[in-house]
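Visitor: I'm new to reading protein models, so please walk me through this one, one small question at a time.

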Amino acid sequence: MKMGDVNGDGVLDTVYLYGQFNGPPGIFADNITLVIQDGRSTKSTTVHLKNNAGYNGRLFLGDFNKDGIPDIMVSMDTGGSGGYGIFYIYSFRNNRVQELFNVDNYNGTYAFQVHYEDFYKVRVESSELNVLFMIDISTKGSDYLSQYYNENGILKNPVQGGALAIGGLYPIITDNKSYQFDLLALQRIIGPTNVDTLGYIENILSWQDTEFISNRLTVSVLGVDIK
């Protein structure tokens, strides 16, 4: 439960996230539902989530669409080795529900292909977004590299990795002069197996007019010991 003036009428409203536990209360719930209670009239509005089961369901209130009124962010984790997240953001200005962010739409837009290249390179690209990143994996060690490359650095066979669906979505403030929030979205880049993390796609999203747009799309890689 969170409290904030999410409809903009000057009176605090109450935002609830309900879920059903199978057995004793725990961190996993299904039938997760968002309920907004108008502080002035006490009338409740229910929002049914398409993806409504997960771990660690949580709420965050903050202004994402730059209208001066807090919006409602719903987050939950799917569990499992993929580390996927489920995220929705809603505006409730003037008691009208407007969806600002939908995890399925995001995953459909920011999809990437990952291919190993000769000479210890990994190509991360999206033709739809017209963007290409190259990751140097030459520091992964001979035991790892010899699985895929011959002694001359040429691939023995084609090798594919993957860019997983969004795993983290974090409200951030990029302008210290305002209390308006942007978003940092993270997707994990993997090799042929899920445990083989090559890096992360980091996407900073800002609200513009009627939607979130990408302000900065980068790839980050993990450091290695230089000894």
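## Charged pairs

Visitor: How far apart, N to O, are aspartate 77 and arginine 58 in their salt bridge?

Guide: A salt bridge here needs a side-chain nitrogen of Lys or Arg within 4 Å of a carboxyl oxygen of Asp or Glu. The side chains of aspartate 77 and arginine 58 pass that test, with an N to O distance of 3.2 Å.

Visitor: And how many residues apart are aspartate 77 and arginine 58 along the chain?

Guide: Let's place them first: aspartate 77 is in strand 6 (residues 71–77) and arginine 58 is in strand 5. Strands are DSSP runs of E with at least two residues, helices are H or I runs of at least four, and both are numbered from the N terminus. The pair links distant parts of the chain, and the gap in sequence is 19 residues.

Visitor: What kind of model am I looking at, and what pLDDT do local features need?

Guide: Residues are numbered from 1 along each chain as its sequence is written, and side-chain values use heavy atoms, with hydrogens and water left out. This is a predicted model, where side-chain atom pairs count only at pLDDT 80 or more, totals for chains, interfaces and linings use all residues, and local features need pLDDT of at least 70.

Visitor: Which residue does arginine 40 pair with in a salt bridge?

Guide: The structure holds 7 salt bridges. In one of them, the closest N and O atoms are 3.3 Å apart, and arginine 40's partner is aspartate 9.

Visitor: Why does the pair of arginine 40 and aspartate 9 tie together separate parts, and how many residues apart are they?

Guide: Look at the loops: arginine 40 is in the one between strand 3 and strand 4, while aspartate 9 is in the one between strand 1 and strand 2 (13–20). Because the partners sit in those two loops, the pair ties together parts whose separation in sequence is 31 residues.

Visitor: Is arginine 40 buried or exposed?

Guide: Buried means under 20% relative accessible area, exposed means over 50%, and partly exposed is in between (1.4 Å probe, protein chains only). Its partner aspartate 9 has 28% and counts as partly exposed. Arginine 40 has 56%, so the word for it is exposed.

## Rings

Visitor: How many aromatic pairs are there?

Guide: Rings of Phe, Tyr and Trp (its six-membered ring) pair if their centres lie within 6.5 Å; planes under 30 degrees apart are stacked, over 60 edge-to-face, and the rest tilted. By this rule, the number of aromatic pairs is 14.

Visitor: How many residues apart are phenylalanine 60 and phenylalanine 181?

Guide: These two form an edge-to-face pair, 5.2 Å centre to centre with 85° between the planes. Phenylalanine 60 is in strand 5 (residues 54–62), and phenylalanine 181 is in the loop between strand 12 (162–172) and strand 13 (182–190). The pair links distant parts of the chain, with a separation of 121 residues.

Visitor: Is phenylalanine 181 buried or exposed?

Guide: Phenylalanine 60 has 29% relative accessibility, so that ring's residue is partly exposed. Phenylalanine 181 has a relative accessible area of 16%, which means it counts as buried.

Visitor: What is the geometry of the pair of tyrosine 144 and tyrosine 148?

Guide: Both residues are in the buried class, tyrosine 144 at 13% and tyrosine 148 at 13%. Their ring centres are 5.4 Å apart and their planes are at 75°, so the pair is edge-to-face.

Visitor: Which residue has its charged end over the ring of tyrosine 144?

Guide: A charge sits over a ring if NZ of Lys or CZ of Arg is within 6 Å of the ring centre and within 35 degrees of the ring normal. Here the charged end is 4.6 Å from the centre of the tyrosine 144 ring, and it belongs to lysine 140.

## Core and backbone

Visitor: Which strand gives the most to the largest nonpolar core?

Guide: A nonpolar core is a set of buried Ala, Val, Leu, Ile, Met, Phe, Trp, Tyr and Cys residues joined through side-chain atoms within 4.5 Å. The largest has 52 residues, and Ile72, Phe101 and Tyr116 have the most contacts inside it. With 5 residues, the top contributor is strand 7 (residues 85–91).

Visitor: What is the approximate phi of asparagine 31?

Guide: Asparagine 31 lies in strand 3 (residues 28–37) and is partly exposed at 43% relative accessibility. Although it is not a glycine, its phi is positive, at about 50°.
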